[in-house]
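Reader: I should like to go through the terms used for this structure and ask what each one rests on. May we begin with the structure itself?

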Amino acid sequence: AAACTPGAYQCAGNVRQQCTSDGCGWTNVQTCACGCSGGSCVAGVCTPGAYQCAGNVRQQCASDGCGWTNVQTCGYQCNPSIGACCGAQDEACCGSSTCAAPLVCLNGSSTCAADTTPKTTSYRFVNRCNSTHWQSIANACYPGSSGPTQGCGSCTNTAVNPGCSASTCWQREIAFTTYLIGPVPYGSFSQVFHCFQGGSPSNTYTRGSCSSYGDPTSIGWIANAPVGLFTTPVWLCSWTPPATGVPKQFFTLSKAAECAGAGRSLVYEGAYGDPYGYVQP
């Protein structure tokens, strides 16, 4: 009796076999790289040498195309569009210019690297006596009624400001980062100046240089749109201290808390409710 049907196929382990024309036995016809099933070789699942992401793990296709091998656990994340670890130092950016903080995506190179753009921290100081505004020099404070060279020394104990002194008058609150030059990778920027004296109202922040009779000090650059590092809205408010009656302008990260208090108002708001600009907190 015939051992098999002439021309039929079967698998013997990883080998594909065909029944001889006389039906007397099987002949090996092919060794299957990815295995044999139902008399046919199993097709490869990937392109040899290709990469993919499996969650946070980078995988490479085997040389025979039969499957994936884990090659690297990404420290930040794996970008499926390029099949590579991304976001860490010297690695590619992870889509939408995302890098692990505090790294940034360098413009043009799409590589995550340390941000070497010159910048400064702008602090919010509250004058417990009669004024409030921002300044941008660490560990220094400037009463709103004086020039920057006088500093806290002019905050004195008077009938209007009882109990005030250079050591008790000023309190530092929140802070944000401003950039000292126009860093191209982060989009459209405007330079922000602090005018300590002169103008109407005095002690104002502007997107351009201050008037000639002011004392302009550039505190850096503010983004006009929420791009790159700059995603936190900053608002420009005005406050008229009862003790002086002179309006002061200041930046805040909280419009509701800072611009709606007694004697305060919102100085600028775009047509669609957009803020004055965007900063890095």
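Author: The model shown here is predicted. Strand β20, residues 248-252, is a suitable starting point: five of its five residues are buried, so the strand is largely enclosed by the rest of the structure.

Reader: What makes both faces of β20 count as covered?

Author: On one side Lys248, Phe250 and Thr252 are buried, and on the other Gln249 and Phe251 are buried as well.

Reader: Why is Phe251 called buried?

Author: Its relative accessible area is 1%. Buried means under 20%, so Phe251 meets the criterion.

Reader: Which strand pairs with β20, and in what sense?

Author: Strand β19, residues 232-239, pairs with β20 in the antiparallel sense over five bridges. Two strands pair if at least two bridges are found between them, so five bridges satisfy the requirement. Within this pairing, Cys237 stands opposite Phe250 of β20.

Reader: How many aromatic pairs does a search of the whole structure find?

Author: The search finds one. It consists of Phe251 and Tyr276, whose ring centres lie 5.3 Å apart. The cut-off for a pair is 6.5 Å between centres, so these two rings qualify.

Reader: Why is this pair of Phe251 and Tyr276 called tilted?

Author: Their planes stand at 50°. Stacked requires under 30 degrees and edge-to-face over 60, so an angle of 50° falls to the remaining class, tilted. The pair links distant parts of the chain: Phe251 belongs to strand β20, whereas Tyr276 lies in the loop between β21 and β22, 25 residues apart.

Reader: Is Tyr276 buried or exposed?

Author: Tyr276 is buried, because its relative accessibility of 6% is under the 20% limit.

Reader: What places Lys255 over the face of Trp235?

Author: Lys255 lies at 4.2 Å from the ring centre of Trp235, and the distance limit is 6 Å. Arg16 likewise lies over the face of Tyr9, at 3.9 Å from the ring centre.

Reader: What is the strand order of the open sheet of three strands?

Author: The order is β6-β7-β8, with antiparallel pairing. Strands β6 (51-54) and β8 (68-73) are the edges: each has a single partner strand, so one side of each is left without a neighbour in the sheet. Neighbouring strands of this sheet are turned by 35° against each other on average, direction ignored.

Reader: How do you know that β7 and β8 are paired?

Author: Strand β7, residues 57-61, and β8 share five bridges in the antiparallel sense, and at least two are needed. Arg58 stands opposite Gln72 of β8.

Notes: Residues numbered from 1 in each chain as written. Predicted model: local features only at pLDDT ≥ 70, side-chain atom pairs only at ≥ 80, totals over all residues. Heavy atoms only, no water. Buried < 20%, exposed > 50% of the residue type's maximum accessible area, 1.4 Å probe, protein only. Helix = DSSP H or I, 4+ residues; strand = E, 2+ residues; numbered from the N terminus. Axes fitted to C-alpha atoms, helices over the stretch in contact; angles between N-to-C directions. Phe/Tyr/Trp six-rings, centres within 6.5 Å; stacked < 30°, edge-to-face > 60°. Lys NZ or Arg CZ within 6 Å of the ring centre and 35° of its normal.
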